[in-house]
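The following exercises, each with a worked solution, guide a new reader through one protein chain. Please examine the sequence and the structure before attempting them.

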Amino acid sequence: MPLVATIALCLLVQNDYRFVVYGDCRDGHREHRKLVGLIMKQNPAFVIQTGDLVAKGKNDDNWKTYDEITGEMRRKVPVYPAPGNHDFGGPGYDARITFPIESGTKRYYSFTRGRWHFVSLDVDEHEAYGPGSDQYTWLASDLQKASGAK
């Protein structure tokens, strides 16, 4: 029995731009299509996906379905995904990081819009993220730079 995706939509408005946060779209493709349509009607400045873009990262067909559902949105609006535990197992996730990375890597990164600094982390067992790891060191440095501390 397939899992039904839990898709949460959060539309946030900050001064003169809107952005959307949603995630866990690995199943429930009909709902995901409807959600993307609703997102596009909001004319967001960008979209954040919180991970689990597909059910199995090593399955090319899963990525083809994701592309079919989100392709137009990703062509028109910057989409910033975080890797979920279901997204591992092949090059699919990394291949969909096509925006310029301001800081970090394809697995963990940050970007700034207006007065807001956004951070996406990879806290899955596939990536070290504790003290002393590359990701932890990067995060400490990134937050220091973003806060203007020297």
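## Exercise 1: One helix and its buried face

Gln135, Trp138, Leu139 and Asp142 are the buried residues in α4. The model under study is a predicted one.

**Task.** Determine where around the axis of α4 these residues lie, and state what covers the buried residues of α4.

**Solution.**

Step 1. Helix α4 runs over residues 134-147, has 14 residues and reaches 20 Å from its first C-alpha to its last, which is close to the 20 Å expected at 1.5 Å a residue.

Step 2. An α-helix has 3.6 residues a turn, so residues three or four places apart point the same way.

Step 3. The buried residues cover an arc of only 100° around the axis, and they are therefore on the same side of α4.

Step 4. The cover over the buried residues of α4 includes β5, β6 (109-113) and β7 (116-120).

Step 5. Just after α4, Gly148 takes a positive phi of about 85°.

## Exercise 2: The two sides of α1

**Task.** Which residues of α1 are buried, and which are exposed on the other side?

**Solution.**

Step 1. Helix α1 spans residues 29-41, with 13 residues and a reach of 19 Å from first to last C-alpha, close to the 18 Å expected at 1.5 Å a residue.

Step 2. His32, Leu35, Val36 and Ile39 are the buried residues of α1.

Step 3. Viewed down the axis of α1, these buried residues fall within an arc of 100°, so they line one face of the helix.

Step 4. Arg30, Lys34 and Lys41 are exposed on the other side of α1.

Step 5. Among the elements that cover the buried residues of α1 are β2 (17-22), β3 (46-49) and α2 (60-76).

## Exercise 3: The packing of α1 and α2

**Task.** Describe how the axes of α1 and α2 are related, and classify the residues that make the contact.

**Solution.**

Step 1. The two axes, those of α1 and α2, come within 10 Å and cross at roughly 5°.

Step 2. Angles under 35 degrees count as roughly parallel. Helices α1 and α2 are therefore roughly parallel to each other.

Step 3. On the α1 side, the contact is made by His29, His32, Arg33, Val36, Ile39 and Met40. On the α2 side, it is made by Thr65, Tyr66, Glu68, Ile69, Thr70, Met73 and Lys76.

Step 4. By class, the contact of α1 with α2 has six nonpolar, four polar and three charged residues.

## Exercise 4: Two residues with positive phi

**Task.** Asn43 and Asp52 each have a positive phi of about 55°. Is Asn43 buried or exposed, and is Asp52 buried or exposed?

**Solution.**

Step 1. Most residues other than glycine have a negative phi. Asn43 has its positive phi although it is not a glycine, and Asp52 likewise has a positive phi although it is not a glycine.

Step 2. Asn43 lies in the loop between α1 and β3, whereas Asp52 is found in the loop between β3 and α2.

Step 3. Asn43 has a relative accessible area of 64% and is therefore exposed. Asp52 has a relative accessibility of 11% and therefore counts as buried.

## Exercise 5: Three loop residues

**Task.** For Arg96, Pro100 and Gly84, decide whether each is buried or exposed.

**Solution.**

Step 1. Arg96 lies in the loop between α3 (92-95) and β5 (103-104). Its relative accessible area is 17%, so Arg96 is buried. Leaving aside neighbours within four places in sequence, Arg96 is in contact with Trp63, Tyr66, Asp67 and Arg74.

Step 2. Pro100 also lies in the loop between α3 and β5. With 72% relative accessibility, Pro100 counts as exposed. The C-alpha atoms of Pro100 and Phe111 are separated by 9.4 Å, the two residues being eleven residues apart along the chain.

Step 3. Gly84 is placed in the loop between β4 (79-81) and α3. At 8% relative accessibility, Gly84 counts as buried. Apart from neighbours within four places in sequence, Gly84 is in contact with Gly51 and Asp52. Gly84 and Asp122 are 38 residues apart along the chain, and their C-alpha atoms are separated by 7.8 Å.

Terms used
Residues are numbered from 1 along each chain as its sequence is written. This is a predicted model: local features need pLDDT of at least 70, side-chain atom pairs count only at pLDDT 80 or more; totals for chains, interfaces and linings use all residues. Side-chain values use heavy atoms; hydrogens and water are left out. Helices (H or I, at least four residues) and strands (E, at least two) are DSSP runs, numbered from the N terminus. The expected span of a helix is 1.5 Å times one less than its number of residues. Buried means under 20% relative accessible area, exposed over 50%, partly exposed in between (1.4 Å probe, protein chains only). The arc is that of the directions from the helix axis to the C-beta atoms. Contact means heavy atoms within 4.5 Å. Axes are lines fitted to C-alpha atoms, for helices over the stretch in contact, and angles run from 0 to 180 degrees between N-to-C directions. Angles under 35 degrees count as roughly parallel, over 145 as roughly antiparallel, 65 to 115 as roughly perpendicular and the rest as oblique. Ala, Val, Leu, Ile, Met, Phe, Trp, Tyr, Cys and Pro count as nonpolar, Asp, Glu, Lys and Arg as charged, and the others, Gly among them, as polar.
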